[in-house]
Amino acid sequence: MSELTITVMRLGLLVALWAFVIAVVGVLRGDLYGTQVTPRRAAAPRGNTPRPAARGSAASVPAEQRPVGRRINARSASRDPNHLRVMSGPLAGTSLPLREAGILIGRSPESALVLEDDFASGRHARIFKGPDGWVVEDLGSTNGTFIGPQRLTTATPVTAGTEIRFGTTVVELRR
Amino acid sequence: MTTVSALSSRKGRNVELGLLVFAVAIVALAYINVGVAVEGAVPPSLVAVGTGFLVITAAFHITMRLRAPYADPLILPIATLLNGLGLVMINRLDLANDRSLAEGMALRQLMWSALAAGLAIAALIILRDHRILRRYTYLAGAIGFGLLLLPLVPGLGVENYGSRIWIAVGPFSFQPGEIAKIVLAVFFAGYLVQTRDALSVAGRRILGLTLPRARDLGPILVAWMLSVGVLVLEKDLGSSLLFFGLFVAMLYIATERTSWVAIGLLLFGVGCWVANLLFSHVQRRVLLWLDTFSREALDTSDQLARGLMGMASGGMLGTGLGRGRPELTYFAESDFIIPSFGEEIGLIGLFALLLLYVLLVERGLRTAIGARDGFGKLLAAGLAFSVALQCFVVVGGVTRVIPLTGLTMPFLSQGGSSLLANWTLVALLLRISDHARRPVPDPAAPNPVASEETQVVKVR
């Protein structure tokens, strides 16, 4: 076969290799997943463009509170606590969003709040949304879950500002 | 103030299919290119070899659709392309050395690829969840160290070209160090998940580094002694560096403490320096590295020099597949496959190959970030890092960045044990990434079984 064919093939191979690399990088760009960090302020400046009311109220709800693929009740969103803050203990200062499905607290790596606390159990407690607001439930931990001096035995409703203690960690629901 | 929200990923199986077709097409183009350039016609074996390659790829892809639908769509196409290009280059060297297809290395490499892909498919089917591996942490440790030291067993180990890293059972020879890499990654991941709290507790802070307590130095010293043992007894710098580097990197990932890296580098530096003083085979490697073109070095071995000359003659665009003389270098199909590619597809092509490795490693590390359990994170990061380190050692060795050591380029080099190990590694990464990218089941969603009414059944 002619020399031209070989040259075309040889350069074509280099082009194809690079096209493959570029295709892979293209897929990488469209394949971002995991967590997305959005500045809160991003939604606010759009106020000057008129928008349908429903759309606007959805945008004002913080993204952390919006479960994927489900509508949020805009009325309760303004009053309900939406995150959990660690007040004291090894993780003091940490805060994480509450999820309606419930978040698990304990030393096990599967928990939403992984306690580095020798006095906490693997699956220590759960905070979830009951029919009348947020509820904390002890999951049979060794050292117990406390609100004030009282050790929890059943699922107990909590409001924003109530201090809940697991081992040496104290957390609080925040708005 | 910022908010954090979870984004779920798309499955990407169709993307994978598209890229796989692209990869197979590139391999076919390269194969035809070799045939045309060497023999002047489209090689008659294209149909047979191409069908074999296509069947392996298709089988793997179908397994992915059935068993790991959420796995990363990029890992498999990249590995397939690299494996295919390796096959093309080995076939090209067969032609240059006048070996027919039946007796050549390319067909054997294709069979090993099929076997390796089969093993990876089996691993994906059998291993439904990578966390099962954590149960076998200490067994993996024992097997890993056993495999690493197996070539030292008299009667089993064989010394080839100065390194005692092979074992021979009957007609089969095998490099257990390649498999040990994966098994040890499992062990390190399981071990460090348990002990990382102890290893990352506050120590004394000196010169901006938080140094660990003396009693926590145990594991790193054991790993160091073993790697020095491999270096001294098996005379293999490559496996020793790979093994120790893997441990230090995983230790760093597990504890987030830079001091471990500093201690590791220091220990490794001391080990190398002492080895250079004491052992002649290390001195020879250093001489070849620093004065490659001196008379003394060329009398010892001109392999490195020939590889460099080959790459130089390839230049920017390369001579074209089939038009260079890569067969002049010894081990052009295994340790020196990178110079072979450098000569024939040039710097531009070689950089595309290296980028493919970078992307493969990136996908592994991305999997580690996405993984939700500590063991999976460490395992994925360790496996990805081992690929990166191995590429660095091989490419650095043939380009005179570091002394040349005998490691194989993952997927590209000729060699059955290397293919088996690297395809298994890919299967593990795919399994972890499938788990990492699977959407979290929503506990609030009604469970179809729970919502069923309980039925009263009469027992008698």
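How many helices and strands are there in chain B? In this predicted model, chain B holds 15 helices and 6 strands. Its radius of gyration is 24 Å, close to the 23 Å given by the globule rule for 460 residues, so chain B is as compact as a globular protein of that length. Taken along the principal axes, the C-alpha atoms of chain B fill a box of roughly 85 × 60 × 55 Å.

Chain A has 3 helices and 12 strands. The table sets out burial and contacts for each chain.

| Chain | Residues | Buried residues | Share of contacts with a separation of 6 or more that join residues 24 or more positions apart |
|---|---|---|---|
| Chain A | 175 residues | 21% buried | 38% of contacts |
| Chain B | 460 residues | 49% buried | 71% of contacts |

**The sheet of chain A**

Six strands of chain A form an open sheet with antiparallel pairing, in the order β3-β2-β12-β11-β8-β9. The edges are taken by β3 (95-97) and β9 (150-151) of chain A; each has a single partner strand, so one side of each is left without a neighbour in the sheet. Strands of a sheet pair through backbone hydrogen bonds, and this pairing may be parallel or antiparallel.

Part of this sheet can be followed strand by strand. Strand β8 of chain A, residues 145-147, runs antiparallel to strand β11 of chain A, residues 163-166, and 3 bridges join the two. Within this pair, Ile147(A) stands opposite Ile164(A) of β11(A).

Strand β11(A) also pairs with strand β12 of chain A, residues 169-174, in the antiparallel sense and over 4 bridges. Here Ile164(A) stands opposite Val171(A) in β12(A). Ile164(A) therefore faces a residue in each of two pairings: Ile147(A) and Val171(A), as the antiparallel order of the sheet places β11 between β12 and β8.

What lies between the strands in the hairpin of β11(A) and β12(A), and which residue there takes a positive phi? The hairpin has 2 residues between its strands, and Gly167(A) takes a positive phi near 55°.

Technical notes
Residues numbered from 1 in each chain as written. Chains lettered and ligands numbered in written order. Predicted model: local features only at pLDDT ≥ 70, side-chain atom pairs only at ≥ 80, totals over all residues. Pairing = 2+ DSSP bridges. Buried ≥ 20, exposed ≤ 12 C-beta atoms within 10 Å, placed from the backbone. Contact = placed C-beta atoms within 7 Å. Rg over C-alpha atoms; globule rule 2.2 N^0.38 Å.
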